[in-house]
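Dear colleague,

I am handing over the structure below, and after it I set out what was found when going through it. Please read the notes with the coordinates open beside them.

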Amino acid sequence: MASSEGFLTDGQRELLKIASQNAENLSSSPKSPSSLLSDHHVKAPAGGKAQTAGIAVRHVRRSHSGKYVRVKKDGAGGKGTWGKLLDTDVISHLDRNDPNYDSGEEPYQLVGSTVTDPLDEFKKAVVSVIEEYFSNGDVELAASDLRELGSSEYYPYFIKRLVSMAMDRHDKEKEMASVLLSALYADVISPAQIRDGFFMLLESADDLAVDILDAVDILALFLARAVVDDILPPAFLARARKALPESSKGVQVIQTAEKSYLSAPHHAELVERRWGGSTHITVEEVKKKIADLLREYVDSGDTLEACRCIRELGVSFFHHEVVKRALVLAMEIRSAEPLMLKLLKEAAEEGLVSSSQMVKGFSRLAESLDDLALDIPSAKALFQSLVPKAISEGWLDASLTKPSAEDGEIQVEDEKVRKYKKEAVTIIHEYFLSDDIPELIRSLEDLGAPEYNPVFLKKLITLAMDRKNREKEMASVLLSALHIEIFSTEDIVNGFVMLLESAEDTALDILDASNELALFLARAVIDDVLAPLNLEEIGSRLPEKCSGSETVRMARSLIAARHAGERLLRCWGGGTGWAVEDAKDKIMKLLEEYESGGVVSEACQCIRDLGMPFFNHEVVKKALIMAMEKKNDRMLDLLQECFSEGLITINQMTKGFTRIKDGLDDLALDIPNAKEKFSFYVEHAQSKGWLLPSFDSLAADV
């Protein structure tokens, strides 16, 4: 049946009609085939052969049915052809039961995933680090955990989180936060990151005030503490104020820090002790807790509870105090003796109190029996009965009955030495009461025993360590005066060697003896009582692995720390008669008087009258700053005179120049040409021999 449509069956015509309608619906596609279908209908002449004239041979393809059809440009054929090479319109169905089924042919499904922000992850992680630190107080562990987190660029957020969490807690956590920041400064967190962290806190002060009632005052105290601890420069406050809106809480924080804390007399000591000072338990607190738990044990008789309380103290190295006090209590309250012996036996069998601690406790009591006999006349007889009983029951080592080397030393000790020690103790006690250095020096000279000067030094520091910071500061100041007046450097060295040789015995009575000895040793170097080389001499005279050698290494670390001079001068809370801040004020006044036309000799006398040779580096620092500000080099004449007279030593001179060098960037904000002027002063000082050779490397960095 020939027709205009060619040889198409009714079914084929119907399919063609449907395809045309679908093509029109897809006309919006740039590759829609509707136009092709309308322009090039497939036609067949009546002769039964498909006409191909006018059509390129490559666009004609023979189908499987033997018919010639026009091929589309993009490769798709008509009915009966294979279609495109990659025909995406073909819907394929995969049969998982097909032996040739390949799971890789399954269409991919896009699964939604939350994009995590590294900062958010860091903020979450530091919360657990801070919480753990607040619970255990381990600074080293906190520093290690922070390093393991990586992302050092986010450390300012750690500072913000640490302080904001501490602000909403007790004073203990506030003090711990300040201690941690000082420990992390420079070693883990850079000074710039410290500044950024505190600026973020100031920016968020308005938000913090919503949740924390006295946020302004607490944050101001954190800010002041950071300045006192030398982790923030004072210039930070002025810079931050300029960058904050005038009406913000952050500006109020800065004003409170400046007016209420940093400008107050003795502000350094006040700020450091506002939250209770040290985070560590003191000797006095431990002794009180031991006495309380033993009294409760006498009342209750519960041995297990008493052992639990001893264990919770967490001072296994101080258990000899438990032994000593338990024995004294057994002597004072005769009915309590069976209970005390039962407790000590139980503690020894559990391993709670070690054999060495048990022996030390008995030994300490044996040494104090003479004094104890004044209150308990039968003390010696009671002690003699307790020792065999403890040894027979197996909880006291029999070595206690053997005379120790120390006992032998005491027995053969010269009567003159005993008398000297007794007199020295009396002189030291009087000094702690009067603070009269000239009177003490006269008393020592009256004794007429300069060969025992090292013994006096040992007694002085040992007695001071068992007292408050006031007496420790007085002992350090006295050492400086004695070194100038009657003690030689050899006396000082020998005295410290004697102290360090008996460091382990000292630790029996003084819980933190090693750290305090290190502070005394480092302070002696800062005060020019000892030279740094003397530390090497002291260390060489001690066994390598003893407690004393470790104390010397600790002292070296303290001296090498940033701002060591100022920190160590404040280690006991400042001066005795008047604080370091007062000294700074007096130094400034005498320099101003000299600059306005004063006489060099008068200025030198005023410096001498200050009586703080260990603090003369402050004179150097203030004189150089004033010379820069006033553009008057007259201050160099004063420094030359002080150096020539030996009033300011080369060590103090070098320290003063070093302090200027450390704060040169901040100084340049107020004195634009500070660096140039300082370079000139350094050259002048080196030409005059004021500075140590070690300063050359420091000056090269300027």
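**Overall picture**

Among contacts in the protein between residues at least 6 apart in sequence, 73% join residues that are at least 24 apart. Please bear in mind throughout that this is a predicted model. The protein has 702 residues, of which 41% are buried, and its secondary structure comes to 38 helices and two strands. The exposed surface is about 38,300 Å², with carbon and sulfur atoms supplying 51% of it.

**Confidence**

The mean pLDDT of the protein is 78, and 78% of its residues reach 70 or more. Two stretches call for caution: residues 27-59 have a pLDDT below 50, although this stretch has 29 contacts in the model beyond near neighbours in sequence, while residues 85-90 also have a pLDDT below 50 and have zero contacts of that kind. Where pLDDT is low, the predicted coordinates should not be read in detail.

**Nonpolar cores**

The largest nonpolar core has 96 residues, and those that touch the most other members are F456, I461, F496, L521, L530, I538 and F657. Leaving aside residues up to four places away in sequence, L530 touches T489, I492, V493, F496, L521, A524, V525 and I538. Apart from the largest core lies another, of 60 residues, which includes I130, Y155, M167 and L181.

**Helix 17**

Helix 17 covers residues 355-367, and its 13 residues should span 18 Å at 1.5 Å a residue; the end C-alpha atoms are 19 Å apart in the model, which agrees with that expectation. The buried residues of helix 17 are Q357, M358, V359, G361, F362, R364 and L365, a list that you may want to follow along the helix in the viewer.

**Two loop residues with positive phi**

Most residues other than glycine have a negative phi, and two residues are set out here with that background in mind. D528, which is not a glycine, has a positive phi of about 65° and lies in the loop between helix 27 (513-526) and helix 28 (532-540). Because its relative accessible area is 18%, under the 20% cut-off, D528 counts as buried. Not counting residues up to four places away in sequence, D528 touches H483, T649, N651, Q652 and K655.

The second of these residues is S151, also not a glycine, whose phi is positive and near 50°. S151 lies in the loop between helix 4 (139-149) and helix 5 (155-167), and its relative accessibility of 28% makes S151 partly exposed.

**Cysteines**

How many disulfides does a search of the whole structure find? The search finds zero. C307 is in no disulfide, and the nearest cysteine sulfur, that of C309, is 9.3 Å away; with a relative accessibility of 1%, C307 counts as buried. C642 is likewise in no disulfide, the nearest cysteine sulfur being that of C604, 3.8 Å away. Because a disulfide requires the two sulfur atoms to be within 2.5 Å, the distance of 3.8 Å between the sulfurs of C642 and C604 does not qualify. At 0% relative accessibility, C642 counts as buried.

With best regards

How values were computed. Residues are numbered from 1 along each chain as its sequence is written. This is a predicted model: local features need pLDDT of at least 70, side-chain atom pairs count only at pLDDT 80 or more; totals for chains, interfaces and linings use all residues. Side-chain values use heavy atoms; hydrogens and water are left out. Buried means under 20% relative accessible area, exposed over 50%, partly exposed in between (1.4 Å probe, protein chains only). A nonpolar core is a set of buried Ala, Val, Leu, Ile, Met, Phe, Trp, Tyr and Cys residues joined through side-chain atoms within 4.5 Å. Contact means heavy atoms within 4.5 Å. pLDDT is the predictor's confidence in each residue, from 0 to 100. Helices (H or I, at least four residues) and strands (E, at least two) are DSSP runs, numbered from the N terminus. The expected span of a helix is 1.5 Å times one less than its number of residues. Accessible areas come from the Shrake-Rupley method with a 1.4 Å probe; for residues, only the protein chains shown count as cover.
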